[in-house]
Structure formats: structure tokens, C-alpha cells
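Subject: A structure for you to look at

Hi,

Here is the structure I promised to pass on. Please open it first and have a look around; my notes follow below.

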Amino acid sequence: MRLAIIGAGHVGLVTAAVFAELGHEVRVMDSVPERVSGDGAWFHEDGLDTLLERNKERLFYTTDPAEAIADAEVVFACVGTPPLGDGRPNLVYLEQVAWMVAEHANHDVLLVEKSTVPARTGERLQQILDYEADGSLYVSVASNPEFLREGTAVYDTLSPDRIVYGTRNTRDRDTLRRVYEPMLKLHDCPVIETDVASSEMIKHASNAFLATKISFINAVAAICEEVGADVNVVADGMGHDPRIGRQFLNAGIGYGGSCFPKDVDAFAHLAREVGQPFHILDETRDVNSRQWKRAVHKLKQELWHLEGKTITLLGFAFKPGTDDVRESPAAYIAQSLVDEGASVRVFDPIALDQIRNEVRQADPFFSLTEALDGADAAVVCTDWDVIAGLAPHDFIEWMRQPVVIDGRNVYSPDHMRRHGVRYHSFGR
Ligand code: UGA
């Protein structure tokens, strides 16, 4: 099939590569020329460059919407929906895609929302297409959310745990069946065929639930600290119940990234808008924003004053496997330490270029040894393997004071403390 992808970001480029791998011809459009240079991905994602290279004959890149959309049977909108600051996501870019489709489609076309959007966004897009598209064409809107995680995006997209699409009628459903038919031959998984609003809700509710699971265990961790329990053991014990599951019960400095913070807010906003306030989500967000502050508090307890101290953040990306630093708890910690007068160093294996954009006064370090040399404290912000592999003697040998605040619970408290590290983690 001939497909168009509008927006060559973390979702768009991965989706394009995977669709090309499935044998579809894919036109990728982005208004930023560097994102559609055809020279591989502009961000770090394991396996993506290989997949793009292997399928380059079926991938065509452009900055021109007309070129991308004109002959496409299905147009996937993968544009960003960044937060507006009041809880709502900015859907302007998505609206622009609908206008592009209305203007440039020259035969029947299905516009599919891949970007995460509040329920009923599809209705608004359909209105634009109904009013603006050439009356002789069939133009329709569907929802087909992605569930990929950054860092494992290629694997997640090629081997999904489910495929969800919501359509207005059987014609659109059959179109999406044809898109995914080759994937189901390679990897069998449940397919949820539903209406547009339910599909939109599945994505928002999934992300909100996962974020709430993280905040739940972080709230449990705070209590564990007071009663002398170990949150990792508690999570293991809970996780053996298949109704609960162990995943996403890792306590620490909380979730970041371009999805959970924004989606929790957007879902809570939608709930208020439709008169069904969802207070659990407000608490999810509040617990999460307390987590990075708890790391700073633990630092103060150990170091007394932060002014004049040298503090090393170990990891800056919002999670391992990506160079994405959007809404990373590390950025909040770094800014707060700078504000307190500390000198902040940051080590990250791949997200170094982004550090200065986020926190101007923080100094990026390429070498772990140099980042820790003479430091008064280290804060583990991202559970990269290279960071989790550090041993107590590394901290003792290199640092001025071996104070470690483990924001991802990657080390054993006993082992660290037995060897003289002044060690604090979350909920243990
Ligand atoms: C998330 C979802 O997991 C995907 O299913 C979804 O498709 C994606 O958002 C999206 O909407 O595009 P992602 O943001 O890439 O994926 O990353 P996650 O692996 O979900 O991690 C999110 C954050 O939660 C990270 O900062 C991570 O460190 C944190 N986290 C995760 C915890 O603090 N504890 C945990 O137990 C798990």
C-alpha cells in the first residue's frame, strides 16, 4: 500500500521504518528538513538506522505535504502534541495535518491519528475533512494509537503486544486490516477493532494507568522508608499476583519523557471538561513531582548546605536507551541544585548535547571518572548499565565525599554501606 507519515519524530520515523519493512511504500513528510534528510534518524533509537537503511527503496522523504499526501491511501498523523501548560495538549499541528489532507488528497484517503490525543479529537478532524476536502473524494478519520516505548521502539512496533484501531465504518476498518495484515503474518497478537473514541481512550487510559502505577509504588516507597521496609521486596511480593504484575513498580525519582507527564495532565483535563473529575490523576502527578524533590532533600540531609558543593548527576535522559531529555527528572534536579548554588556536573552516555539546552549552568562530562572526580555527592538519575555497574570503591576512590543518592534503586544498600558509601535510595 502507499502510505504517508506526517511528522518524522520518535513515533513517525519508527512507524515509517516498520511499515516499509512490512512491504508498504512510505512517504515521510516533516517541515524540518534535517528530520527528513534520508541520512538515518536524527535521534538515538536502537535498531532504527539499520531498519531505515534496509528499507530505503520503499522510503521517500519530503518537506512538501503535497508530495507525501497526493497518492497516499492512508495518511498517518504522527505530529507532536506538546503540552500547552494548562493541562491541554496543543493539537494545532494535528489540525494542520487535516488541512493538508483536505488540500492535497487527490483520491480517497484515510487520515489516521497516531499521535496521542484526547477522545473526540477524531470528530474535530473529521469536521475539517467534511467541510474542506473535495466533495467527490471519500475522506475519513480513524485512530490507531502506538504503544512503543522509546529505547525499544523498533522492537515494540515490530512485535506489538496488541494492535488497536478505531474506525467509523467497515470500509475504514478493512483499510487498516490491509495495513497490518503483513505484520500479523510475522507476529501474531490481539487486534482490537473498535470505534474512534474508544481507541483514543485506550491510549490515554493506558498511559495514565502506567503513570499511576509508578506513583503508587513511589507513595508506597515513602511509607517504606518510615516503617523500615524495602520497597523492592514489597514490589516483588505484589508483582507475583498476576492481577498486579511486577512491571512499572520501580520506585525512584519518578517518570519523565514526552508522554506520561503530558498524557496524565491531558486526561485529567479531559475528565474535568466532560464533568467527570479524575482526582487520582491529580495525585499521580503530585506524587511524581514530589519524587525529584525528595532526591534534593536527601542530598541536603547528607551535605547540609548545597551552596559551593560539587554534585554529579549520573544520567540525564528520562530513561536508558534514549537521548530524549524531555521532562526528565534529572533536569528538575539539576536546575534546583544550580538554584541552591551548587556546581552541577552531568554524565550521560548519549544525551550530553541536550544538557546545556535544558540547564545552562550544568557541565556535561563524557567520562564517568572525570564527572565524579572530587565531587561531594552523586545522584543516579538514569539507570544506564554503565552507571548501574559502578562499585562502591569507584565512589570512594574518585569522590571527595562518597555520598550517593540512588534515584533509580540500582545498587544494593547493604553492599554500598558496608564499603563506606553514604548511600540513600528510595523506599529502602
Ligand atoms: C510510554 C509508554 O510506556 C508507552 O507504552 C507509550 O507508547 C509511550 O509512553 C507513548 O505514549 O508514546 P516511554 O515514555 O517511552 O513510553 O517510556 P516508559 O518506559 O514508559 O518510561 C516512562 C518513565 O517512567 C521513565 O522516566 C521511566 O524511568 C519511568 N519509570 C518506568 C519509573 O519511574 N518506574 C517504573 O517502574 C517504570
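How many helices and how many strands does the chain have? There are 17 helices and 14 strands in the chain. Please keep in mind as you read that this is a predicted model.

Let me begin with the overall form. The radius of gyration of the chain is 23 Å, and the globule rule gives 22 Å for 428 residues, so the chain is as compact as a globular protein of that length. The C-alpha trace spans about 75 × 45 × 40 Å along its principal axes. Of the 428 residues, 54% are buried. If you take the contacts with a separation of 6 or more, 71% of them come from residues 24 or more positions apart.

Now to the surface and the charges. About 18,900 Å² of the chain is exposed, and 51% of that is supplied by carbon and sulfur atoms. The chain carries 42 positive and 65 negative side chains, yet the centres of these two sets are 4 Å apart.

The aromatic rings are a nice place to zoom in. Searching the whole structure gives 10 aromatic pairs. One of them is formed by tyrosine 165 and tyrosine 180, which are stacked, with 6.2 Å from centre to centre and 20° between the planes. Tyrosine 165 belongs to strand E7 (residues 163-166) and tyrosine 180 to helix H7 (residues 170-186), so this pair ties together parts that are 15 residues apart in sequence. Are these two tyrosines, 165 and 180, buried or exposed? Both are buried.

Another pair to look up is phenylalanine 395 with tyrosine 411, which is edge-to-face: 5.7 Å centre to centre, with 75° between the planes. Here phenylalanine 395 sits in helix H16 (residues 392-398), while tyrosine 411 is in the loop between strand E13 (403-406) and helix H17 (413-418). The two residues are 16 apart, and their pair links distant parts of the chain. Phenylalanine 395 and tyrosine 411 are both buried.

You can also find a cluster in which ring pairs link Phe19, Phe76, Tyr165 and Tyr180, so do show those four together on your screen.

Last, a residue of another kind: where is aspartate 130? Its place is in helix H5 (residues 121-132). Aspartate 130 is partly exposed, with a relative accessible area of 48%. From its C-alpha atom to that of valine 154, 24 residues apart along the chain, the separation is 35 Å.

Enjoy exploring!

Best wishes

Key: Residues numbered from 1 in each chain as written. Predicted model: local features only at pLDDT ≥ 70, side-chain atom pairs only at ≥ 80, totals over all residues. Heavy atoms only, no water. Helix = DSSP H or I, 4+ residues; strand = E, 2+ residues; numbered from the N terminus. Rg over C-alpha atoms; globule rule 2.2 N^0.38 Å. Buried < 20%, exposed > 50% of the residue type's maximum accessible area, 1.4 Å probe, protein only. Contact = heavy atoms within 4.5 Å. Areas by Shrake-Rupley, 256 points an atom, 1.4 Å probe, with all protein chains shown as cover. Lys, Arg positive; Asp, Glu negative; His and termini not counted. Charge placed at Lys NZ, Arg CZ, Asp CG, Glu CD. Phe/Tyr/Trp six-rings, centres within 6.5 Å; stacked < 30°, edge-to-face > 60°.
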